[in-house]
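Work through the exercises below with the sequence and the model open. Try each task before reading its solution.

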Amino acid sequence: MRHLLLSSLFLFISLQLSFAQCEAVNGLLRKGDRFLQQSDPNYQEAINAYTAAIIACPERAQEGQKRIANMVNGINNLRAQAVEAQVETTQALEQVEVAQTKTAVALAQANKLVDAFYFYSNRFALAYGDNRRYYFINKDGDPVEKLGQWERAEQFDRRGFAKVKKRNDNKEYLLDTFGNAYAVAYDLASLSPEITALDLEQQELVELPDSLGQQTQLAVLLLNNNKLSKLPEDFSNLQQLRTLVLYQNQLSGLPEGVGGLRNLSRLNLSANLLTSLPESFGQLKSLTTLDLHRNSISELPNSFGELEKLRKLILSFNPLESLPENFGQLKNLKSLDLISNSLRTLPEGITKLENLSELYLLGNVLSSLPESIGELKNLRELNLSANSLTSLPESIGRLENLSTLDLSYNSLESLPESIGQLKNLRDLHLYENSMTNLPESFEQLENLVMLDLSVNQLSSLPENIGQLKNLKELFIAQNSISQLPASTAQLTNLRLLILGKNPIEWLPTEVIQAQIIDYNVLTGLLEDCAKKQNWEFARHIRQNITDYPIRTDEYFNLSWWLLNCQDYEGAIWAGEAYVAGGGKEVGALSNLAMGYLYNGQEEKAMAIYQPNLGVEGGRDRTGREVFLQDLEVTNQLEVKDPEVVARVRAFLEDQ
């Protein structure tokens, strides 16, 4: 890949800098080199430095270009390693943990370069090439040919346009994501017949002049972030208009003539004061994207169903209580956002939206779904969070392409058996419902990656939960689960398990030894053991984690909670592991010393106490003060020889 990824920090820097600036190139190149030589390479800062060198001195651009090319080649190698690791995972199941870790590390490194840059709508980022031309790349690093090459360019803004300039052309242009370039003016006085885009963003406009309706050549009109309360009646004269952006104004209504904009494809009216739309709205036959979020629209006109080319519709944060019956006529709709309205039911017609792939209904008052919901065969994401659902129709199992299903914050007591038919489901959110059990078909969700069952009324998990081989995140906090099934140990991909606030009294040995429980869960379980005085469970946990890949600093808290669980051998194990790893925190040394002391090993305890009495213990305390305070906190613990503890305490108090 011979691309120069360009941070927005340098987009406005002129290429014509003085010779004196070339003298700084060596320093910039060395600076970039240092960022890459760090143990955790900082690609963002490295690219910033190399790009600054290129722009500061074009005569030496090749040096910076070569460095970035080498860096990108390195990223490609990491990607290749990731693929190789995935193959190893398949071929060597007995080494799955090592292979998967290798895969995750390689992919994380490979993605860092991409993540360092702004990608408009997760699609396009700006680049700068060997020929001193700006162009755009996709997330694979490949040029997007339809977006062309430019003498000057900026990133795509939130409205979907990038400012660009052609070589040997004094005019400025706005580039849309389809590759169309429009000659642009930024004030009314600069309008002329060849200007096809007018950008009047944030100019404190209270009204538009009547003369605007005479600019019939305009294809793009950007009027966002002004104070407009109405549009002129002759607005319909703008027959060539394709994009109209009016968000963040004070519009309380639209003229009937707005329906005359027959070529309008994109319309953004969000964050206004609209309470309704004119009946003529249905005449906008070319409309593909419509944003009406954050208005006060309580109902849609009957003509709304005539917007047959509409592909994306955003109606979130309005007081809509219902949708028109002809809503199902929007056959080309792919994305529908109805978040935070007041919908109590959905019309049967909504299930005729056969091309719908995204449906967001979060924050309504739905108590049920249409039985025909299963007809939305192309649905990939369905968000029904924060409604009043008590059950789901069996037909939900027919949503064969569904990848994400969010049912959190409802009143569901169970799921239909058909849920197991959602073979492509990856994320399932059931947080804060009233679930008491899961259906037997749950084991069929073989592609599930994330499952959130927190804050329900589950007393157990299915015995066959181990069949969810691809599960990586499992949240079961705040239920009534006392024990995990043994099959949990088969979840070898699991990277996050949240168990908090369950009455767990025991875990099968195979579950602990499978190393699917992370450090935070371990300390949480030990803390719970200490509160419940469940010493046997604490020792059981400790005896099965001696081979865990625990960081040095994490042994600190483990030693403390093992100490409070009266597992003194465990506290000594964790404390010694901390010291062996180079740890020197006085608090951790105190834990280890108490482990020795409470276990009757007075000499080993004194070997820690004596040389550390006067060292800095943090919070303006000496080591002696830390030792005495910790002994005071744990003075209720049962120890092997109380006289030994009393003798050492007296020694510390006398110092």
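**Exercise 1. Place Pro319 in this predicted model: which loop holds Pro319, and what does Pro319 touch?**

Step 1. Find the flanking strands. Pro319 sits in the loop between β13 (312–314) and β14 (335–337).

Step 2. Check accessibility. Pro319 has 33% relative accessibility, so Pro319 counts as partly exposed. The partly exposed class runs between 20% and 50%.

Step 3. List the contacts, leaving aside neighbours within four places in sequence. Pro319 is in contact with Asn295, Ser296, Ile297, Ser298, Asn341 and Ser342.

Step 4. Take one of these partners, Asn295. Asn295 and Pro319 are 24 residues apart along the chain, and their C-alpha atoms are separated by 8.4 Å.

**Exercise 2. Describe how helix α7 and helix α8 cross.**

Step 1. Recall what is needed. Two packed helices are described by the angle between their axes and the distance between the axes.

Step 2. Set the limits. Helix α7 covers residues 519–532 and helix α8 covers residues 535–543.

Step 3. Read off both values. The axes of α7 and α8 come within 8 Å and cross at roughly 155°.

Step 4. Classify the angle. Angles over 145 degrees count as roughly antiparallel. The two helices, α7 and α8, are therefore roughly antiparallel to each other.

Step 5. Add the handedness. The crossing of α7 past α8 is left-handed.

Step 6. Name the residues in the contact. From α7 come Leu522, Leu525, Leu526, Cys529 and Ala530. From α8 come Trp535, Phe537, Ala538 and Ile541.

Step 7. Sort them by type. The contact of α7 with α8 has nine nonpolar residues, no polar ones and no charged ones.

**Exercise 3. Work out which residues of helix α12 are buried and which are exposed.**

Step 1. Collect the buried residues. In α12 (residues 602–609), Ala605, Met606, Ile608 and Tyr609 are buried.

Step 2. Look down the axis. The buried residues of α12 fall within an arc of 155°, so they line one face of the helix.

Step 3. Turn to the other side of α12. Glu603 and Ala607 are exposed there.

Step 4. Find the cover. The buried residues of α12 are covered by elements including α11 (586–598), α13 (623–633) and α14 (642–654).

**Exercise 4. Follow Leu592: is Leu592 buried or exposed, and what does Leu592 touch?**

Step 1. Locate the residue. Leu592 lies in helix α11.

Step 2. Apply the cut-off. Buried means under 20% relative accessible area. Leu592 has a relative accessible area of 5%, so Leu592 is buried.

Step 3. List the partners, not counting residues up to four places away in sequence. Leu592 touches Ile572, Gly575, Glu576, Val579 and Ile608.

Step 4. Link back to α12. Ile608 is one of its buried residues. The C-alpha atoms of Leu592 and Ala605 are separated by 7.8 Å, with their positions 13 residues apart along the chain.

**Exercise 5. Examine the backbone at Glu432 and Gln515: what is the sign of phi?**

Step 1. Recall the background. Most residues other than glycine have a negative phi.

Step 2. Take Glu432. Its phi is positive, about 50°. Glu432 is in the loop between β18 (427–429) and β19 (450–452). With 34% relative accessibility, Glu432 counts as partly exposed.

Step 3. Take Gln515. Its phi is also positive, about 55°. Gln515 is in the loop between α6 (509–513) and α7. With 29% relative accessibility, Gln515 counts as partly exposed.

Conventions. Residues numbered from 1 in each chain as written. Predicted model: local features only at pLDDT ≥ 70, side-chain atom pairs only at ≥ 80, totals over all residues. Heavy atoms only, no water. Axes fitted to C-alpha atoms, helices over the stretch in contact; angles between N-to-C directions. Helix = DSSP H or I, 4+ residues; strand = E, 2+ residues; numbered from the N terminus. Parallel < 35°, antiparallel > 145°, perpendicular 65-115°, else oblique. Left-handed = near helix turned anticlockwise from the far one by under 90°. Contact = heavy atoms within 4.5 Å. Nonpolar A, V, L, I, M, F, W, Y, C, P; charged D, E, K, R; others polar. Buried < 20%, exposed > 50% of the residue type's maximum accessible area, 1.4 Å probe, protein only. Arc of directions from axis to C-beta.
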